Every structure is written in structure tokens, then in C-alpha cells.
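Me: I'd like a close look at one part of this model, namely the helices around its smaller core. Could you walk me through that part and how it sits in the whole chain?

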Amino acid sequence: MKLNTLLWLGLALGSSPAWCEDIAQVLQRSQQMRLEQLPEVPATEAAAAALHASFQRLQAFSAGAADAELRVVAVGAVAETAQGRVIVMNVALGALPEICRLFLIAHELGHVTNGHWSQRIALYRQFIPGEVVQAQTDAVAPQLGRAASMQSQQQELDADAYAMRTLLDMGYSREDLLDMFFRLGNHGATATHPSTGKRLAQLRAIDEERRMAATSGGP
Ligand SMILES: [Zn+2]
């Protein structure tokens with residue numbers, strides 16, 4: 001998830017009074033508002049069609065794909081999952097090599113399959129248990145911000161692990177995947193995402209695990 005949920009929460013609260021709403025409703029509503037601001041690029045456009053084709057290929061390998069929906073958009077974030085099941089991808093990603101498209105979509109499917117949106121709502125509920133009142137949310141915002149950031153970092157690593165396993169299942173090699181990761185570029189850690197170095201280290205560890213399992217399972 002690349003979205004700053006705390007920021008959305010601020011926007012949702014600022015845009016209309018959220019009286020008698022609990023935090024799950026506020027979060028759901030702010031994502032709905034965001035989705036409504038992201039018009040879909042028709043699948044007749046080549047770059048959008050390429051993303052839909054990759055999504056369809058992934059359906060045979062990902063249990064999460066059956067519950068998910070792909071929406072290709074021309075504006076907004078690069079790739080994110082809204083409401084736990086709507087995968088939003090910028091149409092610019094349609095121009096990337098297929099392995100990159102597959103990895104980015106599989107990463108979002110990892111968020112869907114692992115129930116990350118429900119985990120996020122549960123975390124917010126711990127800090128904001130009842131009706132949402134701005135004075136109370138302001139009071140817990142720093143602690144909630146730190147907890148949400150930690151949760152997000154872990155969710156990103158889990159989504160990467162899911163994408164890596166899925167692409168290995170599809171027959172891509174460790175070298176293909178490392179090469180793909182380098183092509184996606186090197187990024188430092190942010191509030192929501194671990195650094196590329198940390199993500200790569202995890203990818204290597206997963207590959208190592210699979211090799212060990214393959215050799216120890218042999219005759
Ligand atoms: Zn992610």
C-alpha cells in the first residue's frame with residue numbers, strides 16, 4: 001500500500017463531519033472517494049491491455065486474484081490496492097517488460113491475499129476504538145503513525161515475498177527476478193516502504209530457502 005492512510009484520514013475528516021462513524025467506515029469511505037477520483041483507462045489502449053493480460057496470467061498462480069479487480073488509471077499513484085481488493089495501476093506501467101508488470105501486480109495480489117487491509121483497519125481500531133472524533137484522533141496520531149509505519153513496512157516485505165514466490169512458481173529464475181528488481185530502481189526506506197536493499201536481501205533469502213527445500217527433499 002503506497003497510500004498515506006493517516007493523510008487520507010485527515011482529508012476524510014476535513015471534508016465532512018464524520019460523526020457516528022467508526023474508523024473502519026471512515027477508512028473505507030476515504031478509499032472510495034479516492035477511487036472515484038481515478039477514472040479507468042479503457043482496456044482497448046495497448047498499455048492498459050498489457051496490464052490486464054499480465055493480471056489474467058497471474059490468475060492461474062495466485063489464489064488472491066479471484067477476489068481482486070484490476071483498475072488501470074492515468075493519474076495518481078504508481079501501484080496500490082484500495083479497499084483490500086481493487087488493484088490500481090498507472091497505465092505507464094504497461095510499457096514495462098512483462099516480468100516487471102507481473103511482479104508489480106503480484107505484489108499487490110500479495111496485499112490482497114494476506115488480508116493487509118483488514119490488518120490495517122484492526123490496527124486503527126486499537127487506537128480509535130469507537131466513534132471517530134477528531135480531537136481524539138489528533139491525540140493518538142503520533143503513536144498510530146508509528147504503529148502504522150511499522151505495520152506497513154512488514155506488509156511490503158510480505159507482499160514482495162508473495163510476488164517472488166509467485167513468479168518463481170511461474171518459472172522465472174532468481175536471476176530474472178534480481179535483474180527485474182534492479183530495473184525497477186534503487187530506493188531508500190520511507191515511512192511506508194523498506195529500502196530496495198532490504199527488499200533484495202529478503203528476495204535472496206526466499207530463493208535460498210526454496211533451493212534448500214528442493215535439495216533436502218530429494219533422494
Ligand atoms: Zn505494496
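Reply: Let's start with what to trust, since this is a predicted model. Over residues 1–5 the pLDDT stays under 50, and the model has 19 contacts beyond four places in sequence for them. The stretch 10–18 is also below 50, with 12 contacts in the model beyond near neighbours in sequence. Helix H1 (residues 5–15) has the lowest confidence in the protein chain, a mean of 48, while H3 has the highest at 96. Where pLDDT is low, the predicted coordinates shouldn't be read in detail. Across the protein chain the average pLDDT is 86, and 89% of the residues score at least 70.

Now the overall layout. The protein chain has 8 helices and 3 strands, running α-α-α-β-β-β-α-α-α-α-α along the sequence. Out of its 219 residues, 48% count as buried. Among contacts with a separation of 6 or more, 69% are between residues 24 or more positions apart.

On to the part you asked about, beginning with H2, which covers residues 23–36. This helix has 14 residues and reaches 20 Å from first C-alpha to last, close to the 20 Å expected at 1.5 Å a residue. At its N-terminal end sits a cap: a side-chain oxygen of Asp22 lies 3.1 Å from the backbone nitrogen of Ala24. The buried residues in H2 are Ile23, Ala24, Val26, Leu27, Ser30, Gln31 and Leu35. Leu27 has 0% relative accessibility, so it counts as buried.

Leu27 also gives us a bridge to helix H5: its C-alpha is separated by 9.2 Å from that of Tyr124, 97 residues away along the chain. H5 takes in residues 116–127, and with 12 residues at 1.5 Å each it should span 16 Å; its end C-alpha atoms are 17 Å apart, which agrees. Buried in H5 are His116, Trp117, Arg120, Ile121, Leu123 and Tyr124. Looking down the axis, these buried residues fall within an arc of 160°, so they line one face of the helix. An α-helix has 3.6 residues a turn, so residues three or four places apart point the same way. The face of H5 turned away from the buried side carries exposed Ser118 and Gln126.

Next, the cores. Of the 38 residues in the largest nonpolar core, Ile87, Met89, Leu109, Leu167 and Leu177 touch the most other members. At least two residues each come from H3, E1, E3, H4, H6, H7 and H8, and H4 gives the most, with 9. A second, separate core has 14 residues, including Ile23, Ala24, Val26 and Trp117. In soluble globular proteins, nonpolar side chains tend to be buried together. Back in the largest core, Leu177 is in contact with Ile99, Phe103, Met164, Leu167 and Leu168, leaving aside neighbours within four places in sequence.

One last spot ties back to H2. Thr81 sits in strand E2 (residues 79–82), and at 7% relative accessibility it counts as buried. Leaving aside neighbours within four places in sequence, Thr81 is in contact with Gln31, Val86, Ile87, Glu108, His111 and Val112. Gln31 is one of the buried residues of H2, and Ile87 belongs to the largest core. With Glu108, Thr81 also makes a side-chain to side-chain polar contact at 2.7 Å.

Note on methods
Residues are numbered from 1 along each chain as its sequence is written. This is a predicted model: local features need pLDDT of at least 70, side-chain atom pairs count only at pLDDT 80 or more; totals for chains, interfaces and linings use all residues. Side-chain values use heavy atoms; hydrogens and water are left out. A nonpolar core is a set of buried Ala, Val, Leu, Ile, Met, Phe, Trp, Tyr and Cys residues joined through side-chain atoms within 4.5 Å. Buried means under 20% relative accessible area, exposed over 50%, partly exposed in between (1.4 Å probe, protein chains only). Helices (H or I, at least four residues) and strands (E, at least two) are DSSP runs, numbered from the N terminus. Contact means heavy atoms within 4.5 Å. The expected span of a helix is 1.5 Å times one less than its number of residues. The arc is that of the directions from the helix axis to the C-beta atoms. A polar contact is a pair of N or O atoms within 3.5 Å; within protein, one must be able to donate a hydrogen and the other to accept it, and residues adjacent in sequence count only if both atoms are side-chain atoms. pLDDT is the predictor's confidence in each residue, from 0 to 100.
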